Amino acid sequence: MPGVAGSGQERENRAVPNQLSESTSPYLQQHVDNPVEWREWGDDAFTEARRRDVPVLLSVGYAACHWCHVMAHESFEDDATAAVMNAGFVNVKVDREERPDVDAAYMAATTALTGHGGWPMTVFLTHDGRPFYAGTYYPPSPRSGSPSFTQVLEAVGQAWCDRRGEVEGAGLRISEALAARTVPTGHGPPDVRRLSHAVRVLARDEDVAHGGFGGAPKFPPSMVCEFLLRHGATGAATAEQAQDLAVRTLTAMARSGMYDQVAGGFARYSVDAAWVVPHFEKMLYDNALLARVYLHWWRLTGESTGRRIAEETCDWMLDVLGTAEGGIASSLDADTPVAGPDGVHPVEGATYVWTPAGLVELLGPDDGAWAAELLAVTDPGTFEHGSSTLQLTRDPWADDVDAERWTAVRDRLRTARAARPQPGRDDKVVAAWNGLAVAALAETGALCGRPDLVRAAERAADLLVGTHVVDGRLRRVSRNGVVGSPAGVLEDYGDVAEGLLALHAVTGDQQWWRAAGDLLDVVLTEFSGADGALQDTSAAAGDAALAGLGRPRDPSDNAYPSGSSAAAGALLTYAALTGSARHRDVAEQALGSADSLADQAPRFVGWALAVAEGLVDGPREAAVIGPDGPDTDVLHLTALRGTAPGLVVARGTGGAGSSDVPLLQERGVVQGRPAAYVCRGFVCDAPTTDAAVLARAVGAIRPR
């Protein structure tokens with residue numbers, strides 16, 4: 001075939017077909033039956049490419065990605081297209097959620113070459129991993145000015161055969177440019193002035209009509225809202241403005257089509273600016289972050305919607321994404337498999353949408369019409385084919401009669417919807433995202449009187465510490481209780497440590513503090529670059545194909561906290577518990593990278609700004625000392641209700657040798673009564689046995 005490298009005897013010498021069957025990634029497992037001779041990422045693939053003298057075709061996606069499935073169906077399941085791929089390339093399939101380091105490196109190349117990025121991502125590599133051509137989705141036939149995938153394959157193969165020097169030169173130039181990238185370090189972590197300025201910038205970006213920031217597509221700004229709520233708890237001149245921004249956004253999302261009004265849980269994003277139509281995939285990281293920020297809204301203001309959404313989202317995570325081993329799975333697909341006259345096809349939103357007639361058929365004429373009005377289900381429809389997503393046009397909990405009626409209607413909708421075809425589930429356990437979930441579950445359980453949620457957090461933490469930590473190092477993924485080979489990246493260490501420290505604050509169990517400290521020791525020793533700044537990958541995790549592209553270091557938050565901001569938050573908490581200046585210094589340096597972005601693009605460093613609020617406020621430490629019992633419980637819960645951004649809470653029984661946590665040492669009960677010791681900025685108040693005094697010291701209120 002013209003333009004395709006590797007033919008004749010080389011084709012006969014190709015290795016065995018598709019090699020994904022042993023993968024721990026459900027996304028890769030979805031491609032096991034493709035006629036494409038897929039391999040996993042690794043040295044073997046590049047060795048095979050050298051042996052055959054063909055380029056590597058790298059395809060990156062993830063299980064919940066709609067267009068990944070489209071391209072798979074159109075091209076990777078097609079025998080003719082697969083024949084071209086197999087003849088001319090060594091084909092490597094990567095799950096971006098399993099290998100974020102590979103994804104980040106080649107997404108930077110794709111963006112540099114094309115001006116945009118996204119998934120599926122298609123990159124062509126030399127034998128040493130250098131990218132020389134890249135794109136995203138390619139259609140099976142030319143469309144809207146875009147070449148077909150086969151045309152791309154043939155053109156790349158022709159260039160490889162006829163203009164090898166140009167191809168390798170391009171790969172070298174691209175790799176050198178990527179390796180030479182620098183990240184501004186700033187002059188230090190964001191200070192009070194910079195944080196207030198960030199609030200004013202966000203106010204200019206607010207969508208005043210619909211809530212949120214910017215236009216369509218509109219993603220849930222969970223980390224930005226976390227920053228705004230923390231800023232709202234300070235005495236800054238912009239505190240009220242910050243709180244109002246967060247409340248408007250959180251209220252809009254809670255009533256929107258992006259939130260599952262029937263069963264709980266948030267979709268990945270809204271395709272429109274008004275939050276009406278979601279992209280229906282549901283990701284663990286979104287829901288873990290949103291559960292926590294809604295809880296913090298309730299903790300700060302007493303607004304009951306915050307508590308309701310936090311509990312519903314936690315329940316959804318456990319009910320739908322919980323695994324038998326105690327972990328929490330990654331996602332639900334955007335598509336639902338629906339049977340039709342010509343077979344089963346994926347359909348977006350089929351599980352979730354309704355028509356007025358469908359509601360009347362299920363609920364009867366009175367409740368059906370009432371539900372349609374409440375949920376904005378219209379005859380023209382708000383989605384496709386006359387169907388509608390579900391939005392709350394008002395708060396039914398504001399009226400006792402409506403609340404009772406809506407609860408009964410929702411139960412019937414949930415039962416009926418459970419009988420519909422359901423989207424697929426990516427059941428791998430990602431360390432970072434489970435760390436975020438542990439924090440959300442632990443705090444929601446403690447503040448809402450839900451010990452079942454705290455126990456769920458402990459089970460997930462047990463899996464992370466017992467299965468994902470191998471020889472003292474964190475692994476990124478597991479599935480069915482079996483840990484995968486990809487090494488943890490910085491976000492894994494930071495988010496898992498964050499979750500373990502939140503669990504320690506809630507339970508007082510020292511094992512979680514120790515485990516977090518062990519992980520953060522690895523961060524300090526293996527994730528620092530030559531300039532002392534944190535890198536996204538460990539120096540010990542060497543990957544030959546990625547080496548020429550430089551170690552990634554991205555300080556901006558994307559769908560979840562960046563590695564540096566995640567690590568900074570955990571390092572600051574650990575420093576407050578231990579008094580370690582080294583941990584605090586590294587955290588401050590990590591936050592310096594966000595300082596340069598805070599002025600112009602605060603939407604992309606929300607978690608770093610939230611952590612910086614804690615740095616400005618603290619350390620503010622609350623050590624609760626007393627024997628197990630209701631009096632100690634009252635002080636402990638009061639401390640956990642604190643809204644001070646720099647607050648770190650620890651609980652112990654007191655007495656010599658009772659705790660290894662330095663913050664708890666040499667402190668005891670006062671006149672035989674449980675006591676709280678509060679320090680701020682290295683200056684301590686007198687211990688108190690009075691919950692009201694403690695509440696004032698930590699910024700706690702009593703939510704209604």
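**Why the labels fit**

Author: In helix α5, the buried residues are T81, A82, V84, M85, N86, A87 and G88. The model is a predicted one.

Reader: What makes helix α5 mostly covered?

Author: The helix spans residues 79–88, and seven of its ten residues are buried. A residue is called buried because its relative accessible area is under 20%.

Reader: Why is strand β4 said to be largely enclosed?

Author: Strand β4 covers residues 121–125, and five of its five residues are buried, so the rest of the structure largely encloses the strand.

Reader: Which residues of β4 point one way, and which the other way?

Author: M121, V123 and L125 point one way, while T122 and F124 point the other way, and all are buried. In a regular strand, side chains alternate between the two faces of the sheet.

Reader: How do you know that β4 pairs with β2?

Author: Pairing takes at least two bridges. Strand β2 (residues 56–61) is joined to β4 by five bridges, so the two count as paired, and they run antiparallel. L57 is the residue that stands opposite F124 in β4.

Reader: What makes β4 and β5 a pair?

Author: There are four bridges between β4 and strand β5 (residues 131–135), in the antiparallel sense. At least two are needed, so these strands pair as well. F124 has Y133 as its bridge partner in β5. The hairpin of β4 and β5 has five residues between the strands, and G129 in this hairpin takes a positive phi near 85 degrees.

Reader: Why is one side of β13 and of β17 left without a neighbour in the sheet?

Author: The sheet is open and has three strands in the order β13-β16-β17, with antiparallel pairing. β13 (429–430) and β17 (482–483) stand at its edges with a single partner strand each, so one side of each has no neighbour in the sheet. Two bridges join β13 to strand β16 (residues 477–479), and V430 has V477 as its bridge partner in β16.

Reader: Why is the contact between D128 and R130 called a salt bridge?

Author: Side chains of opposite charge can pair when their charged atoms come close. The N to O distance between D128 and R130 is 3.2 Å. The cut-off is 4 Å, so the pair qualifies as a salt bridge.

Reader: Why does D128 count as partly exposed?

Author: Its relative accessibility is 39%. Partly exposed lies between the limits of 20% and 50%, so D128 belongs there. R130, at 21%, is partly exposed too.

Reader: How do you know that D260 and R417 are buried?

Author: D260 has a relative accessible area of 7%, and R417 has one of 8%. The limit is under 20%, so both count as buried.

Reader: What makes D260 and R417 a salt bridge, and which parts does the pair tie together?

Author: Their side chains meet at 2.7 Å, N to O, and the limit is 4 Å, so the name fits. D260 lies in the loop between α11 (239–254) and β6 (269–270), and R417 is in helix α16 (residues 400–418), so the pair ties together parts that are 157 residues apart in sequence.

Reader: How many salt bridges are there in the whole structure?

Author: A search finds 41. Among them is the one between D103 and R96, whose closest N and O atoms are 3.3 Å apart; both of these residues are buried. R307, E311, D315, R450 and D452 are linked in a network of salt bridges.

Reader: Why has D272 no salt bridge?

Author: The nearest side chain of opposite charge is K218, which is 7.5 Å away. A salt bridge has to be within 4 Å, so K218 does not form one with D272. D272 is buried all the same, and its place is in the loop between β6 and β7 (278–279). A polar atom of its side chain lies 2.7 Å from the backbone nitrogen of V277.

Reader: Which residues have the most contacts inside the largest nonpolar core?

Author: They are F227, L228, Y294, M317 and L534, in a core of 169 residues. Helix α12 (residues 284–301) gives the most to this core, with twelve residues. Leaving aside its neighbours within four places in sequence, Y294 is in contact with residues including L250, M253 and F266. A second, separate core has 26 residues, among them A49, V54, V90 and L546.

Definitions and conventions:
Residues numbered from 1 in each chain as written. Predicted model: local features only at pLDDT ≥ 70, side-chain atom pairs only at ≥ 80, totals over all residues. Heavy atoms only, no water. Buried < 20%, exposed > 50% of the residue type's maximum accessible area, 1.4 Å probe, protein only. Core = buried A, V, L, I, M, F, W, Y, C linked by side-chain atoms within 4.5 Å. Contact = heavy atoms within 4.5 Å. Lys, Arg positive; Asp, Glu negative; His and termini not counted. Polar contact = N/O pair within 3.5 Å; in protein donor to acceptor, adjacent residues only side chain to side chain.
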